[in-house]
Amino acid sequence: MGEEGSAGGTVRYVDSSLERLEVHVSGLIDPRHRITVNGHALPLQPTGRVGEFVAGVRYRAWLPPSALH
């Protein structure tokens, strides 16, 4: 599963096209400020400090030429 035939044998592709950004925000006032990516609000998680939040954003950085997904 996930393998493709090749001239030299069998090839198993690894999807390295996903990238991740980590967002750290301070001084945020929740009802007043909103951080969005492509129109979607980030699910910010509190760090325990007042007005400080973090989030992670995964995105496809490039399109692999061949894969099963």
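Biologist: Let's start with a charged pair: which residue forms a salt bridge with glutamate 22?
Modeller: Happy to help, and please keep in mind that this is a predicted model. Side chains of opposite charge can pair when their charged atoms come close. Here the closest N and O atoms are 3.7 Å apart, and the partner of glutamate 22 is arginine 20.

Biologist: Is glutamate 22 buried or exposed?
Modeller: Its partner, arginine 20, has 52% relative accessibility and so counts as exposed. Glutamate 22 has 67% relative accessibility, and the cut-off for this class is over 50%. Glutamate 22 is therefore exposed.

Biologist: How many salt bridges are there by this rule?
Modeller: Besides the pair of glutamate 22 and arginine 20, the side chains of arginine 49 and glutamate 52 meet in a salt bridge, at 3.9 Å from N to O. By this rule, the count is 2.

Biologist: Now for the second pair: is glutamate 52 buried or exposed?
Modeller: The two partners fall into separate classes, as arginine 49 has a relative accessible area of 62% and is exposed. Glutamate 52 has 13% relative accessibility, and the cut-off for its class is under 20%. Glutamate 52 therefore counts as buried.

Biologist: Which residue's side chain makes a polar contact of 2.7 Å with the side chain of glutamate 52?
Modeller: Glutamate 52 sits in strand β7, and leaving aside neighbours within four places in sequence, its contacts include His24, Val25 and Thr47. The side chain of histidine 24 makes a polar contact with that of glutamate 52 at 3.3 Å. The contact of 2.7 Å is with threonine 47.

Biologist: Which strand gives the most to the largest nonpolar core?
Modeller: In soluble globular proteins, nonpolar side chains tend to be buried together. The largest nonpolar core in this model has 7 residues: Val25, Leu28, Leu42, Leu44, Phe53, Ala55 and Val57. With 3 residues, the top contributor to this core is strand β7.

Biologist: Which residues does leucine 28 touch, not counting those up to four places away in sequence?
Modeller: Leucine 28 is one of the residues of the largest nonpolar core, and Leu44 and Phe53 belong to that core too. With those up to four places away in sequence set aside, leucine 28 touches His33, Leu44, Gly51 and Phe53.

Biologist: What distance separates the C-alpha atoms of valine 54 and leucine 44?
Modeller: Valine 54 lies in strand β7 and, at 31% relative accessibility, counts as partly exposed. Leaving aside neighbours within four places in sequence, its contacts include Val23, Pro43 and Leu44. Valine 54 and leucine 44 are 10 residues apart along the chain, and their C-alpha atoms are separated by 5.5 Å.

Biologist: Which residue's side chain makes a polar contact with the side chain of arginine 60?
Modeller: Arginine 60 is in strand β7 and is partly exposed, with a relative accessible area of 42%. Not counting residues up to four places away in sequence, arginine 60 touches Asp15, Ser17 and Leu18. One of these is 43 residues away in sequence but 5.6 Å away in space, C-alpha to C-alpha. That residue's side chain makes the polar contact, at 2.4 Å, and the residue is serine 17.

Biologist: Last one: which residue has a positive phi although it is not a glycine?
Modeller: Look in the loop between β4 (36-37) and β5 (40-41). The residue there counts as exposed, at 76% relative accessibility. Its phi is about 50°, and its name is asparagine 38.

Note on methods. Residues are numbered from 1 along each chain as its sequence is written. This is a predicted model: local features need pLDDT of at least 70, side-chain atom pairs count only at pLDDT 80 or more; totals for chains, interfaces and linings use all residues. Side-chain values use heavy atoms; hydrogens and water are left out. A nonpolar core is a set of buried Ala, Val, Leu, Ile, Met, Phe, Trp, Tyr and Cys residues joined through side-chain atoms within 4.5 Å. Buried means under 20% relative accessible area, exposed over 50%, partly exposed in between (1.4 Å probe, protein chains only). Helices (H or I, at least four residues) and strands (E, at least two) are DSSP runs, numbered from the N terminus. Contact means heavy atoms within 4.5 Å. A salt bridge is a side-chain nitrogen of Lys or Arg within 4 Å of a carboxyl oxygen of Asp or Glu. A polar contact is a pair of N or O atoms within 3.5 Å; within protein, one must be able to donate a hydrogen and the other to accept it, and residues adjacent in sequence count only if both atoms are side-chain atoms.
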